[in-house]
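Let's take a walk through this one together, starting at the ligand and then moving on to the charged pairs.

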Amino acid sequence: MELFSGTYLDHNATSPLRPEVLSTVQELLGFPGNASSIHKAGREARKRIEDARAQIVKLVNAGSRDVVVFTSGATEANNLALRVTNIERVIASSIEHPSVLQAAPDAQIIPALPSGIIDLAALDKMLTGNTQQTLISVMLVNNETGVIQPLDEVVKIARKYGALVHTDAVQAAGRMHLDIQALGVDFLTLSAHKLGGPQGVGCLVIANCLAVAPQILGGNQEKNLRAGTENLAGIAGFGKAAELVDIEKYHKLGVLRDRLEKDLLALAPNLKIFGFDAPRVHNTSMFALPGASSETQLIALDLAGICVSNGSACSSGTVKISHVLKAMGATDAEAGSSLRVSLGWNTTEKDVDYFLTKWNEMYNRVKSRLGA
Ligand code: PMP
C-alpha cells in the first residue's frame, strides 16, 4: 500500500525509505534477540549489527583503527563529536546544522562567503598563534544549498595548527564518494534517513580510536560510547541503505536539477540561485524569488501535492530566516522568499515537469505584484 501520494522533492529533509531497506527493517522488527545476550538469538542480533557496521565502514572507507558508533541519528552523533576529551576550543562554521551550533554555544564562528563556501582565510587567521587543544567542525555538504565545503583545505589548515576536525557528512553520504582516510578528518557524522534508510538512526565515525566522552550512560554498548540496547532494525536498515549507495547513478540527478534551474531562470530571470557557482551536490537547488514569500510558494505547491521546503526542515513551521542564507549575505527579502527543492533516488523527470508547471502557475499569479 502506498503510504504517500504526491510529488516528493524534499530529500534533504528526509529521503523516503528504499523498498529493500523496508524489507530489512520489517524482517528485524520481528526478531527477538538483544545483541547483548549471549544466546543464539542475541548472537544473531549481534551479527546483524556488526554486518551493518561493516557496511558503514565500506561506505566511508574507514580504516582498521576507526570506530563506528551507532546513535539515534546525526543530531546525537554531532553532539557526541563535540565531546572529544581535552578540547579547550571549538571552532564551527556559520552554516553548520543547529545540532552543531547549539551543542557548542561557545564555538568561535568561521564566516561564509556569498558563494556558500566557508572563508578559509578567516579560519587560518583564527588559528594563528593557537596554543589550545582545538576542534574544528565544518560540514561536508550544506543541507540548505547543497554547497560542498573544501574539507581538504580545512584539514590542511587544522594540521598546521594541531587542531582536530569533525565533519557532518549527512548530506554528502550517498551523493558523493566518501573516504574518511582520504579526507583526513578525525570525526564524521552520518544519518540513515538522508540516504533512504530509516529515521532515528545514525552514527559517528571516530578515526584512530580518539577519546570521546559518552553522553548517554548506563550500559557498555557501542564500546562504552553510547549506552542502551541497540536499535537492531534501524541499524540493519542503515547498513542496507549504505550498501545500496550508487554514486554514479546519483550523479545523473544533476541532469534533472540543472534542467529545473534552467527552466526556472527562463520563467523568472530575477530568480537568485544560492551557491550556483560553487561546487554542489547534484540533487539540491535553493533559490529565491524576491517578493513572493516562501510561505506563499510553499502553500501553493503544497495544495498541488508538491513537497518542498524553505530552508532546513528544522526551521520550517516557524517564520525564521535561514541562518545559512544570512551567513552567505542574503538579504531578508531573499532569505524570506527562498525555496529548497531536493531530488532523490525516486525522483523522475515527470516530477520535475509537474513542479515546473505548478511553480509557473504560482509565479503567474504573483508576477503582476512583483512588477515582473
Ligand atoms: N546535520 C545535517 C546537515 C542535517 O541535514 C540533519 C538533518 N536535518 C542533521 C544533521 C540531523 O540529522 P538527524 O535527523 O539524523 O538527527
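Helix α3 is a good place to begin: with 3 residues, it gives the most to the shell around the ligand. Keep in mind that this is a predicted model. In total, 15 residues surround the ligand, and the closest are T75, D168, Q171, S191 and K194. Sort that shell by residue type and you get 9 polar, 4 nonpolar and 2 charged residues.

Now look at individual contacts. T75 has a polar side-chain atom 2.6 Å from an oxygen atom of the ligand. S191 offers something along those lines, with a polar side-chain atom 2.7 Å from a ligand oxygen. For H97, the partner is a nitrogen atom of the ligand, 3.3 Å from a polar atom of the side chain. How much of the ligand does the protein bury? Taken alone, the ligand exposes 400 Å², and 88% of that is buried by the protein.

On to the charged pairs. The salt-bridge count comes to 20, and a few of them are worth a stop.

Stay with α3 for a moment, and find E76. Its side chain meets that of R226 in a salt bridge, 2.8 Å from N to O. R226 sits in the loop between α8 (221-224) and α9 (232-243), while E76 belongs to helix α3 (residues 74-81), so this pair ties together parts that are 150 residues apart in sequence. Are the two partners buried or exposed? Buried means under 20% relative accessible area; R226 has 17%, so it counts as buried, and E76, at 10%, is buried too.

Compare that with R46 and E50, whose side chains form a salt bridge at 2.9 Å, N to O. These two lie in one helix, α2 (residues 40-60), 4 residues apart, or about one turn. R46 is partly exposed at 25% relative accessibility, and E50 is partly exposed at 31%. The pair doesn't stand alone, either: R46 and E50 are linked with R53, E222 and E230 in a network of salt bridges.

One last stop is the pair R257 and D258, a salt bridge in which the closest N and O atoms are 2.9 Å apart. Here the partners fall into separate classes: R257 is buried, with 6% relative accessibility, whereas D258 is partly exposed, with a relative accessible area of 42%.

Definitions and conventions. Residues are numbered from 1 along each chain as its sequence is written. This is a predicted model: local features need pLDDT of at least 70, side-chain atom pairs count only at pLDDT 80 or more; totals for chains, interfaces and linings use all residues. Side-chain values use heavy atoms; hydrogens and water are left out. A salt bridge is a side-chain nitrogen of Lys or Arg within 4 Å of a carboxyl oxygen of Asp or Glu. Buried means under 20% relative accessible area, exposed over 50%, partly exposed in between (1.4 Å probe, protein chains only). A residue is near a molecule or strand if one of its heavy atoms lies within 4 Å of it. A polar contact is a pair of N or O atoms within 3.5 Å; within protein, one must be able to donate a hydrogen and the other to accept it, and residues adjacent in sequence count only if both atoms are side-chain atoms. Accessible areas come from the Shrake-Rupley method with a 1.4 Å probe; for residues, only the protein chains shown count as cover. Ala, Val, Leu, Ile, Met, Phe, Trp, Tyr, Cys and Pro count as nonpolar, Asp, Glu, Lys and Arg as charged, and the others, Gly among them, as polar.
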